[in-house]
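Dear colleague,

Please find below the structure that I am handing over to you, followed by an account of what was found in it. I would be grateful if you could read the two side by side.

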Amino acid sequence: MKRLVLAGGGHSHLFVLEALAQKPLPNTEVTLINKTLHAPYSGMLPGLIAGLYNFDECHIDLARLARKANVRFVQGSVVGADPSQQQITLDDGSTLAYDVLSINTGSTPPLADTPGADGAVLPIKPIEEFLPGWKNLRARLTASEKPCHIAVVGGGVGGVELALAMQYALQSGHGVAQRVRFQIICDTAEVLAMHNVLVRRRFKRVLAGRGIPVRAHSRVVAVAGKELVFLHDGRAAYDAIVWVTGATPAPWPQQAGIATNEQGFVLINEHLQSRSHSNIFAVGDVATRADQPRPKSGVYAVRQGPPLAINLRRALMDQALVPYAPQQRALALISTGNPCAIASWGPLAFAGHWVWRWKDKIDRRFIERFSVR
């Protein structure tokens, strides 16, 4: 009896569970470890925050999906590993042995890089902690009649979508939206720096029309209470600070001696396999290919799912692995808070309610694919 351990309930592992439900692995015990019972679908989270979806519409029941695949589900987090002994350590102190390990644990904003940020800001990830934090913040804003200034630190897709979604959600409250001001903070010349000029122009108009200014060229180097300390231009006070910057992986793979880059992301080859340990695989935000780096985006984790399922099966059956080449570019459907979206594809941009309907159809199809009734 061989042992396959799936660490994390990320998008890629959903495809592994689907494949196991369709065709079980012979003589193999499979265990899935995840902190929560439900896995959020990242593409629908702005809509959830905006109030366009409810919790069940954009979360997948991991425990139920695991049962369908005859996979043991353990609610917990991996905090350590010993590759020489082929075992991992969970947050309750227990250990679990494996013959093949697959890591799909995602990432979180790098709060440790900014003194004073941890505990003073509301980070977007992990999402299971952000959602109650946002619920409490929204309740305070609704109950208070005082003006409130909210900083959203991060000018990428996540920061822009979140600022617009939060603002849209507050419009249902009596006068709340008029009392609350948002500002996006970024260290680049403008938001969405990784996207084409047409997309940037469209979002510049959207943000201006919604009254959300952008403080560009402003690198945050510290947080002092409710103040952001900038590298060159002093500091500014806010009533709440939401953190949507970058990505950092869990430290345990690097601590365990699994090959990583300088930032701690697991280095993988064309088979989605660890560069240092042939029986360890890693996908999604936690992993990177030095020869073909890609942005930390859910779309790449989704594409890695099917080849990962194939290679895990082949690894356990001592068969040759199949290579996987990530796509050069990915379609991004970026929501604008309301039921509207802007599409970014290479040098092209499209916008409108029809883009939102397109995005909504894709997202709902993904959820439906992994729903178990």
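A cavity is here a set of grid points where a 1.4 Å probe fits but cannot get out. Please note that the model is a predicted one.

**Cavities and a pocket**

Two cavities of 30 Å³ or more are present in the structure. The largest cavity holds about 210 Å³ of space. Its lining is made up of 18 residues, and those closest to the centre are Gly 284, Ala 287, Arg 294, Tyr 300 and Gln 304. Two elements, strand E20 (287–288) and helix H9 (298–316), each give two or more residues to this lining. The most is given by H9, which contributes three residues. By residue class, the lining of the largest cavity consists of nine nonpolar, five polar and four charged residues.

The second largest cavity has a volume of about 50 Å³. Leu 4, Val 16, Ala 19, Leu 20, Leu 25, Ala 309, Leu 312 and Arg 313 line the second largest cavity. At least two of these lining residues come from helix H1 (11–22), and at least two from H9. Seven residues of the lining are nonpolar, one is charged and none is polar. H9 thus appears in the linings of both the largest cavity and the second largest cavity.

Among the pockets, the second largest contains about 210 Å³ of space. Of its 13 lining residues, Pro 109, Leu 111, Ala 112, Asp 118 and Pro 123 are the closest to the centre. The lining of this pocket divides into seven nonpolar, three polar and three charged residues.

**Strand pairing**

One open sheet has three strands in the order E14-E15-E16, with antiparallel pairing. Its edge strands are E14 (220–224) and E16 (235–237), each of which pairs on one side only. On average, neighbouring strands of this sheet are turned by 20 degrees against each other, direction ignored. Four bridges link E14 to E15 (residues 227–230) in the antiparallel sense, and Ala 222 stands opposite Val 229 in E15.

Further along the chain, strand E22 (residues 338–345) pairs with two other strands. Strand E21 (residues 332–336) and E22 are antiparallel and share five bridges; Ile 334 has Ile 342 in E22 as its bridge partner. The hairpin of E21 and E22 has one residue between the strands, and Gly 337 takes a positive phi near 90 degrees there. E22 is also joined by five bridges to strand E23 (residues 348–352), again running antiparallel. Here the bridge partner of Ala 341 is Gly 352 in E23. Two residues separate E22 and E23 in their hairpin, where Gly 346 in the turn has a positive phi of about 55 degrees. Because six of the eight residues of E22 are buried, this strand is largely enclosed by the rest of the structure.

**Cysteines**

How many disulfides does the structure contain? The count is zero, where a disulfide requires a pair of cysteine sulfur atoms within 2.5 Å. For Cys 58, the nearest cysteine sulfur is that of Cys 340, 19 Å away. Cys 340 is likewise in no disulfide. Both residues fall under the 20% limit that defines buried: Cys 58 has a relative accessible area of 0%, and Cys 340 one of 15%.

**Backbone geometry**

Most residues other than glycine have a negative phi, and most peptide bonds are trans. The following sites may therefore merit a look on the backbone level.

- Lys 125 and Pro 126 are joined by a cis peptide bond with omega of about 0 degrees. Pro 126 lies in the loop between strand E10 (122–123) and helix H4 (127–143).
- His 217, which is not a glycine, has a positive phi of about 50 degrees. This residue is found in the loop between strand E13 (214–215) and E14. His 217 is exposed, with a relative accessible area of 57%.
- Leu 272 has a positive phi near 65 degrees, although it is a residue other than glycine. The loop between strand E18 (266–267) and strand E19 (280–282) holds Leu 272. With 1% relative accessibility, Leu 272 counts as buried.

Yours sincerely

Technical notes
Residues are numbered from 1 along each chain as its sequence is written. This is a predicted model: local features need pLDDT of at least 70, side-chain atom pairs count only at pLDDT 80 or more; totals for chains, interfaces and linings use all residues. Side-chain values use heavy atoms; hydrogens and water are left out. On a 1 Å grid over the protein atoms alone, a cavity is a set of points where a 1.4 Å probe fits but cannot get out, and a pocket is an open set with protein on both sides within 12 Å along at least five of seven lines; lining residues have an atom within 4 Å of a point. Grid points are joined across faces, edges and corners, and a volume is the space filled by probe spheres set on the points. Ala, Val, Leu, Ile, Met, Phe, Trp, Tyr, Cys and Pro count as nonpolar, Asp, Glu, Lys and Arg as charged, and the others, Gly among them, as polar. Two strands pair if DSSP finds at least two bridges between them. Axes are lines fitted to C-alpha atoms, for helices over the stretch in contact, and angles run from 0 to 180 degrees between N-to-C directions. Buried means under 20% relative accessible area, exposed over 50%, partly exposed in between (1.4 Å probe, protein chains only).
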